[in-house]
Amino acid sequence: MRDAVAGPDGARIRWVEIAGDEPTRVCVHGAGAQAAAYFTHAMTLPSVARRRTLMMDLLGFGLSDRPADFGYRLEDHADALARALDSAGVSGAEVIGHSMGGAVAITLAGRRPDLVSRLVLAEATLDPVPPPAPGALGVTSFTEAEFAEGGMAQILDLVGPLWAATMRLADPIALHRSAYGLRAGTTPSARKLLMELTIPRTFLVGAKSQPLEGRQELEAAGVRVVTVPDAGHNIMLDNPQAFAEYAAGH
């Protein structure tokens, strides 16, 4: 495990690192996840082995620190990640992002193009996330105080044991503010920014997931969109072999 100061008051991002050749691969997890738990199996398969790989936990999640005075918007996460990558001596990385981590990766590529040479996005969040439907329960159904005092426990019961296993490691305030960050999105949106980027971009969609909205528009903008068989939202867990092959650029 390695770390770097990336947030206020010396808050540190931590990551699990696999030694190897350049260019570096950087894996960024989704909301309530933890990078090593989601990526290690796929990123150690033969098709992607022998490359330096950093499986990084965003501030507030997994092994990283949980600063209370951090905003946790997508831009905040991207800037903190950039500081950690600078400290790790990373440039021109192939950044692999899942769900919210995909939106962070796109934002990073837009704000610090020197750090990102290629994007691999597993069902990245491209548009602002709408609030929960009336009567439905979600992270943003609660105020920040309500979520910290008991709302997170309700969500952990709702999401099931797989997601809860890593979500319970998250700081409630970080998870709540990150969820609101996903509702707010970015300006321009992650979708628009992804279409404007000129680096190689691959977007993975699980065959068991809902069809990707705006797929033809993304493809027309040069984004390679791939439907991964035998996979839902957690593509790297459901079909690690295929995920690794696409991460390797096959």
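Buried here means under 20% relative accessible area, exposed means over 50%, and partly exposed lies in between, with a 1.4 Å probe and protein chains only. This is a predicted model, in which local features need pLDDT of at least 70 and side-chain atom pairs count only at pLDDT 80 or more, while totals for chains, interfaces and linings use all residues. Residues are numbered from 1 along each chain as its sequence is written, and side-chain values use heavy atoms, with hydrogens and water left out.

**Stop 1: aromatic pairs**

Select Tyr72. Tyr72 counts as buried because its relative accessibility is 0%. Add Phe70, which is also buried, at 6%. Rings of Phe, Tyr and Trp (its six-membered ring) pair if their centres lie within 6.5 Å; planes under 30 degrees apart are stacked, over 60 edge-to-face, and the rest tilted. The count by this rule is 3 aromatic pairs. In one of them, the ring centres of Phe70 and Tyr72 are 4.7 Å apart and the planes stand at 90°, so this pair is edge-to-face. Now select Phe142 and Phe147. Their ring centres are 6.0 Å apart with planes at 55°, so this pair is tilted. Phe142 and Phe147 are both buried.

**Stop 2: paired strands**

Switch to cartoon view. Helices (H or I, at least four residues) and strands (E, at least two) are DSSP runs, numbered from the N terminus. Two strands pair if DSSP finds at least two bridges between them. Select strand S3, residues 21–28, and strand S4, residues 51–57. S3 and S4 are parallel, with 5 bridges. To find one contact, pick Asp21: its bridge partner in S4 is Arg51.

Next, show strand S5, residues 93–98. S5 runs parallel to S3, and 4 bridges join them. Here Val26 has Val95 of S5 as its bridge partner.

Now add helix H1, residues 35–43. S3, H1 and S4 form a right-handed β-α-β unit. To check the hand, point the strands away from you: in a right-handed crossover, the path from the first strand over the helix to the second runs clockwise.

**Stop 3: Ala242**

Go to helix H10, residues 240–247, which holds Ala242. Ala242 is buried, because its relative accessible area is 11%. Draw a distance from its C-alpha atom to that of Asp230. The separation is 9.5 Å, for two residues 12 apart along the chain.

**Stop 4: the cavity**

On a 1 Å grid over the protein atoms alone, a cavity is a set of points where a 1.4 Å probe fits but cannot get out; a pocket is an open set with protein on both sides within 12 Å along at least five of seven lines; lining residues have an atom within 4 Å of a point. Points are joined across faces, edges and corners, and a volume is the space filled by probe spheres set on them. There is 1 cavity of 30 Å³ or more. The largest cavity has a volume of about 40 Å³. Select its lining, including Leu74, Thr125, Asp127, Leu182 and Ala190.

**Stop 5: the pockets**

The largest pocket holds about 620 Å³. Its lining has 27 residues; Ala31, Val129, Val139, Trp163 and Leu182 lie nearest its centre. Select helices H4 (144–159), H5 (161–167) and H6 (172–184): each supplies at least two lining residues. H6 gives the largest share, 4 residues.

End at the second largest pocket, with a volume of about 410 Å³. It is lined by 16 residues, and Glu123, Ala124, Thr125, Pro211 and Leu212 lie nearest its centre.
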